[in-house]
Amino acid sequence: MPASRSKSGTERALLNSILIFRDQGAGSPVAERPDLPRTVMFGARKMWPVGWEALGRWGEDVARIEPLAGGVANDVWSVRVNGHLAVGRLGTRSDADLAWETELLQYLDREGLTVPVPIPTMDGRLFAEGLVVMTYLDGGPPETQADWRRVAGMLRELHRLTQGWPQRPGWRSSTDLLHAETGTKIDLGAMPAEGVARCRAAWARFTGRLTCVVHGDPNPGNVRMTANRVALIDWDESHVDVPDLDLVLPGNAAGLDDGAYDIAAQASAAWEAAVCWDDEYAVKRLAEVRAV
């Protein structure tokens with residue numbers, strides 16, 4: 001998809017629905033319409049949903065276009081910034097957490113990996129008030145075993161480039177959770193004790209391994225492939241851990257031997273059960289973790 005394009009019907013509808021008020025005092029249209037969504041306004045400028053007013057920090061020529069699939073923990077939209085299509089992600093992560101992620105993405109881009117690159121605000125910041133704006137990457141999901149082998153190659157390059165990387169602030173690795181109870185979205189205390197024991201038994205098989213940055217969620221929806229490159233998007237789950245967590249791919253595309261694949265698959269199921277607990281998917285994943 002080209003970086004610059006004419007407005008879609010969705011975008012036109014969105015832009016036409018943006019209201020501009022010059023009088024925000026008593027008796028104004030806002031004061032007399034309590035049914036309107038809460039918004040923040042800049043004088044006579046565009047009216048944004050709460051949280052998205054930070055998009056104005058990227059300049060005057062900015063607009064939300066449409067929501068994107070895949071944003072579970074965040075509000076993710078396609079946006080237009082200075083005539084170019086981009087992606088905006090609004091969440092509740094700390095500044096330290098977002099600094100870790102955006103600095104990682106800049107580093108990986110410099111090293112030649114295809115990743116979403118943070119677009120700075122007008123005053124040079126990589127995020128503002130929980131909002132990150134990144135370059136848009138086109139492409140489709142992997143479809144063949146050869147495609148997945150290319151994905152495995154990119155993941156291995158990620159792992160090679162980030163050996164010794166510091167842990168994401170507030171996160172824990174799978175082996176950290178052999179002793180820790182919590183880390184970011186994980187709270188082992190909320191899980192059944194028997195399930196925690198099975199998860200820890202699976203993670204214990206990783207003890208002593210070297211660590212690096214893992215993407216954390218290399219599912220088909222987070223891969224954008226073209227004939228010439230493989231891109232990984234949605235780095236919200238990335239952290240430092242054992243690389244094999246990333247390599248449980250369809251058809252064992254990463255070429256792990258039987259023992260290594262079994263260890264990685266069990267540890268991955270345990271991780272996803274813990275990080276998503278206790279929705280239906282997490283319960284399903286926990287059921288796949290056997291006692292060791």
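**Strands β4 to β6 and the aromatic pairs**

I begin with a strand pairing: β5 and β6 run antiparallel and are joined by 5 bridges; strands are said to pair if DSSP finds at least two bridges between them. Helices (H or I, at least four residues) and strands (E, at least two) are DSSP runs, numbered from the N terminus.

A word on the source. This is a predicted model, in which local features need pLDDT of at least 70 and side-chain atom pairs count only at pLDDT 80 or more, while totals for chains, interfaces and linings use all residues. Residues are numbered from 1 along each chain as its sequence is written, and side-chain values use heavy atoms, with hydrogens and water left out.

Let me stay with this sheet region. Across the β5 and β6 pairing, Arg89 stands opposite Val132 in β6. Strand β6 covers residues 131-135, and 4 of its 5 residues are buried. Buried here means under 20% relative accessible area, exposed means over 50%, and partly exposed lies in between, with a 1.4 Å probe and protein chains only.

On its other pairing, β5 (residues 84-90) is joined to β4 by 7 bridges, again antiparallel. Arg80 stands opposite Leu85 in β5. These two strands, β4 and β5, form a hairpin with 2 residues between them, and Asn82 in the turn has a positive phi of about 50 degrees.

Strand β4 also pairs with β3 (residues 62-67), through 5 bridges and in antiparallel fashion. Val62 has Val81 as its bridge partner in β4. Strand β4 is itself mostly covered, with 6 of its 7 residues buried.

Within β4, which spans residues 75-81, I would single out Ser78. Is Ser78 buried or exposed? Its relative accessibility is 4%, so Ser78 counts as buried. Leaving aside residues up to four places away in sequence, Ser78 touches Ala63, Arg64, Ile65, Glu66, Leu68, Leu85 and Ala86; a contact means heavy atoms within 4.5 Å.

Arg64 appears again in another arrangement: Arg64 lies over the face of Trp77, at 3.6 Å from the ring centre. The criterion is that NZ of Lys or CZ of Arg is within 6 Å of the ring centre and within 35 degrees of the ring normal.

I turn now to the aromatic pairs. How many does a search of the whole structure find? The search finds 3. Rings of Phe, Tyr and Trp (its six-membered ring) pair if their centres lie within 6.5 Å; planes under 30 degrees apart count as stacked, over 60 as edge-to-face and the rest as tilted.

The rings of Tyr107 and Trp165 have centres 4.9 Å apart and planes at 40 degrees, so this pair is tilted. The pair links distant parts of the chain, with Tyr107 in helix α2 (residues 95-110) and Trp165 in the loop between α3 (145-161) and β7 (182-183), 58 residues apart. Tyr107, at 18% relative accessibility, counts as buried, whereas Trp165, at 22%, counts as partly exposed.

Trp203 and Trp271 form an edge-to-face pair, 6.5 Å centre to centre with 65 degrees between the planes. This pair, too, links distant parts of the chain: Trp203 is in helix α4 (residues 193-204) and Trp271 in helix α5 (residues 258-276), 68 residues apart. Both Trp203 and Trp271 are buried.

Finally, the whole chain. It has 6 helices and 12 strands, and 47% of its 292 residues count as buried. Among contacts between residues at least 6 apart in sequence, 62% join residues at least 24 apart.
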